[in-house]
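Student: Could you take me through the charged side chains of this model, with a close look at how they pair up and where they gather?

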Amino acid sequence: MAHENTLRLVGLALRAGRLEAGEDAAAEACQYRRARLVLLAADAAEGTASRALRAAGECGCVSLETPWSKAELGAALGRGSCAVAAVTDLGLAQAVAGKLADADPARYGGAAERLLRKAERVRERRERSAGAERGKTPGPGKKKRKQ
């Protein structure tokens, strides 16, 4: 049941335009550094898996071998089958990895933790940049003006 809810979340990511389905689309998302989480079907071919893992490693995003078959992942995405998918939204990637970690902490807990740290760093950078724009905190290497 937990994996079924996670598959629904993956389908939601696709409908929201925050998921690239298929090997080529996922590789392109990695190439342009849009991918946050690469999902690999449990029964993906060895060559497909190695290419997907290499692309994920090059862009520095998290990759997971899911408990789903190509048919299960494809059905969630409205396709016949799908071996590789890339989630491009950090919040959705974190939610998917978190749900997988809840079901199997030993296998997916590290990836969920890594995505949590990435989300925290993004939030901190946004807060710093928003503060610098408002004049509350100077940006790096800049002095605050006296009034």
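Tutor: Happy to, and helix 6 is a good place to begin. R114 sits in helix 6. This arginine belongs to a patch of positive charge on the surface, together with R117, R121, R125, R126 and R128. R114 has a relative accessibility of 34%, so it counts as partly exposed, and a patch residue needs over 30% and no salt bridge.

A word on confidence before we go on, since this is a predicted model. The average pLDDT of the chain is 90, and 90% of the residues score at least 70. Helix 6, which spans residues 105–134, has the lowest confidence in the chain, with a mean of 89, while strand 4 (residues 84–87) has the highest, at 98.

Now to the pairs. Side chains of opposite charge can pair when their charged atoms come close. Across the whole structure there are six salt bridges, and three of them are worth walking through here.

Staying in helix 6, R123 and E127 form a salt bridge with an N to O distance of 3.6 Å. The two residues are four apart in helix 6, about one turn of the helix. R123 is partly exposed because its relative accessibility is 43%, and E127 is partly exposed too, at 48%.

You will find a similar spacing in helix 1. There, E4 and R8 are four residues apart within residues 2–15, so about one helical turn separates them. Their side chains meet in a salt bridge at 2.8 Å, N to O. With a relative accessibility of 40%, E4 counts as partly exposed; R8, at 49%, also counts as partly exposed, since the exposed class starts over 50%.

The next pair reaches between helices. R51 and E23 meet through their side chains in a salt bridge of 2.5 Å, N to O. This contact links distant parts of the chain, with R51 in helix 3 (residues 46–59) and E23 in helix 2, 28 residues apart. R51 is partly exposed, as its relative accessibility is 40%. E23 has 28% and is likewise partly exposed, because the buried class lies under 20%.

One more arginine deserves a glance, this time for its backbone. R33 lies in the loop between helix 2 (23–31) and strand 2 (37–40). Although R33 is not a glycine, its phi is positive, at about 60°.

Methods. Residues are numbered from 1 along each chain as its sequence is written. This is a predicted model: local features need pLDDT of at least 70, side-chain atom pairs count only at pLDDT 80 or more; totals for chains, interfaces and linings use all residues. Side-chain values use heavy atoms; hydrogens and water are left out. pLDDT is the predictor's confidence in each residue, from 0 to 100. Patches are made of residues with over 30% relative accessible area and no salt bridge: like charges are joined within 9 Å, nonpolar side chains (Val, Leu, Ile, Met, Phe, Trp, Tyr) within 5 Å. Accessible areas come from the Shrake-Rupley method with a 1.4 Å probe; for residues, only the protein chains shown count as cover. A salt bridge is a side-chain nitrogen of Lys or Arg within 4 Å of a carboxyl oxygen of Asp or Glu. Lys and Arg count as positive and Asp and Glu as negative; His and the chain ends are not counted. The place of a charge is taken as NZ of Lys, CZ of Arg, CG of Asp or CD of Glu. Buried means under 20% relative accessible area, exposed over 50%, partly exposed in between (1.4 Å probe, protein chains only).
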